[in-house]
Amino acid sequence: MDPEGMSDGEWRQVMDAMEDVGPYYERVNWLMTFGMVDRWRKRVASFAGPDDVVLEIGSGPGNFTKHLRSKTVFALEPSSELSDISKEILDPERVTLFKGVGEKIPLADSSVDKVFCVFSFRDFFDRKAGADEMIRVLRDGGEVFIVDMAKPPPGPLAKMLEFHVKHMVPPLTRLAVPSVARERWSRDPYRTFVDTYEAYGSTKVYEDLLERTGFDDVSTEYLELKGATMTRGKKPRKSTC
Ligand SMILES: C[S@@+](CC[C@H](N)C(=O)[O-])C[C@H]1O[C@@H](n2cnc3c(N)ncnc32)[C@H](O)[C@@H]1O
């Protein structure tokens with residue numbers, strides 16, 4: 001694993017970890033973010049207007065998708081097991097679930113207004129290919145939003161977050177997941193979560209990647225309590241002269 005992506009074998013391990021934790025996913029998220037995760041998701045979802053055509057990449061069990069109020073939402077997810085969980089909470093009138101990866105989005109060029117990648121971009125096996133696909137499917141002037149666990153520059157906050165992810169998250173998982181489920185795991189899924197957190201580099205890596213891909217106005221902001229960040233960028237409008 002490195003800031004650009006990971007091998008096929010590593011990606012399979014990430015997917016297995018996500019599927020292992022699927023039924024307990026939100027309980028663990030809630031514990032490890034001290035209840036903040038849904039507040040972050042709601043704030044990010046508020047950037048999509050009712051008339052925007054929205055694509056969420058890596059929708060998993062649907063915990064971000066359910067906050068989107070747009071009339072047309074495409075939710076792309078590679079795992080059928082996880083998207084089956086999401087069917088229980090999503091409105092089929094507005095949300096179209098489909099199977100696939102962010103590196104090869106099954107949508108036409110310039111067909112969406114907003115792309116959201118919430119806690120999923122660092123799981124991509126090829127992030128540059130993913131960013132190329134995002135800019136392809138966005139309309140001119142459309143926006144991408146990438147949310148991930150915060151990776152601040154070296155300093156006290158970075159140390160605190162690293163300690164939290166490495167040393168607090170695995171025991172919190174053990175609290176949230178019943179022992180019968182844990183006994184079926186060949187590897188603690190949250191070890192894989194720590195691996196992807198360590199490997200993703202930093203928010204600066206996401207910003208550089210979006211800029212290299214051709215996005216304008218790239219910026220990052222902390223979400224409440226600085227536990228997560230949102231990096232955004234705009235697909236340039238073609239000049240008319
Ligand atoms: C941590 S979950 C995030 C789920 C949801 N967005 C949320 O806010 O809770 C990451 C999701 O990304 C998906 N994922 C992993 N690799 C992907 C890829 N290459 N393309 C699209 N989604 C991917 C996983 O299957 C998983 O559902």
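The model's core feature to start with is an open sheet of seven strands, ordered β3-β2-β1-β4-β5-β7-β6 with mixed pairing. Strands pair here if DSSP finds at least two bridges between them, and the elements are DSSP runs numbered from the N terminus (helices: H or I, at least four residues; strands: E, at least two). β3 (95-99) and β6 (216-222) sit at the edges with a single partner strand each, so one side of each has no neighbour in the sheet. From one strand to the next, the twist averages 15°. The model is predicted, so to speak of local features takes pLDDT of at least 70 and side-chain atom pairs count only at 80 or more, while totals for chains, interfaces and linings use all residues. Residue numbers start from 1 along each chain as its sequence is written.

Strand β2 (residues 72-77) runs parallel to β3, and five bridges join the two. In this pairing, A75 is found opposite L97 of β3.

Helix α5 (residues 127-137) lies across β1 (53-57), β4 (112-118) and β5 (138-149), at about 145° to β5. Contact means C-beta atoms, placed from the backbone, within 7 Å; axes are lines fitted to C-alpha atoms, for helices over the stretch in contact, with angles from 0 to 180 degrees between N-to-C directions.

As for the ligand, 22 residues surround it (C-beta atom, placed from the backbone, within 6 Å). The closest are G58, G60, G102, S120 and D123.

F163 belongs to helix α6 (residues 156-176). F163 has 10 C-beta neighbours inside 10 Å and therefore counts as exposed (12 or fewer; buried takes 20 or more, and partly exposed is in between).

How values were computed: Two residues are in contact if their C-beta atoms, placed from the backbone, lie within 7 Å.
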